[in-house]
Amino acid sequence: VDNASGDGSVATLRAKLGGAHLVQAERNEGFAAGCNQGIREAMRLGADRILLLNSDARVKPGALGALELALDRNPRVGIVGPMVVERADPGVVQSLGMRYTLTTGRMRHHAFGRRHDALRVPALGEVDGVSGCAMLVRRAVFEQVGLFFEDYFFGFEDLDLCLRARAAGFATACVGSAVVAHEGSVSIGRASPQRIYYATRNHLLLAARISRPGPSVARSLRTVSIVALNLAFVLTRARVPRREGLSAFRRALSDHRARRYGRAETL
């Protein structure tokens, strides 16, 4: 899928990939929408499993076969993902799957930043979610729970899908023998205030989507926790200049309260 890149990629892809089936988006409506275009086309063509792979990811030999074998051997599992490592330093783990804590709304990537040669990596580990940079999904998951939720535009749509799949009875698992190297943040940039905006707004959106309707003390506490976690990140760890980061953070809170989602036209 060329997500309306506008940089000549379509011509390059047609020239380099030969018989590949290329879907060309008319407008960039975000990561989720771009993936959904490819998913719909793959399902139209009869695919029973669909591999989602970012353009800045590189699949290590044998990875896809390991993911497929995991689905073959585990009928209850609907989504599998690989161990994701840094492209610049493949010894460093980006993700061994995601953990989501319902009470606080905190999301973490298992083993993030650790060296995988110092870890005991399970052959198959059940997790709350796997990174959307590389995931293999059964067709039945999309048929039962729907595609990616496009209001996110960028970020948290992968965890949202995995949590919906789990609620429908499908498990999500990380396959330790499958390895994908991922650069990350290529489209938005690590120092862009958009990263703060989408991370904060979409974190709150995810929590709202999985909450039960009606007044709830637990939901309010989770919202406060998410706001505090994202503010702490802006103040202590973000590569974005603090003033710009705080501005994006405030805009994210405002847009979430107003239920303005999708693309942020200006920040």
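**Exercise 1.** Which helix gives the most residues to the lining of the second largest pocket?

**Solution.** The model is predicted: local features need pLDDT of at least 70, side-chain atom pairs count only at pLDDT 80 or more, and totals for chains, interfaces and linings use all residues. Residues are numbered from 1 along each chain as its sequence is written, and side-chain values use heavy atoms, without hydrogens and water.

Step 1. A pocket is an open set of points on a 1 Å grid over the protein atoms alone, where a 1.4 Å probe fits, with protein on both sides within 12 Å along at least five of seven lines; lining residues have an atom within 4 Å of a point.

Step 2. The lining includes Leu204, Ser211, Arg222 and His256. Two or more lining residues come from each of H6 (193-210), H7 (217-236) and H8 (242-257); helices are DSSP runs of H or I with at least four residues, numbered from the N terminus.

Step 3. H6 gives the most, with four residues.

**Exercise 2.** State how many disulfides the structure holds, and explain the result for Cys133 and Cys174.

**Solution.** Step 1. A disulfide is a pair of cysteine sulfur atoms within 2.5 Å. The structure holds zero.

Step 2. For Cys133, the closest cysteine sulfur is in Cys174, at 10 Å, which is too far for a bond. For Cys174, the closest is in turn that of Cys133, also at 10 Å and too far.

Step 3. Cys133 is buried (under 20% relative accessible area, 1.4 Å probe, protein chains only), at 3% relative accessibility. Cys174 is buried with 4%.

Conventions
Buried means under 20% relative accessible area, exposed over 50%, partly exposed in between (1.4 Å probe, protein chains only).
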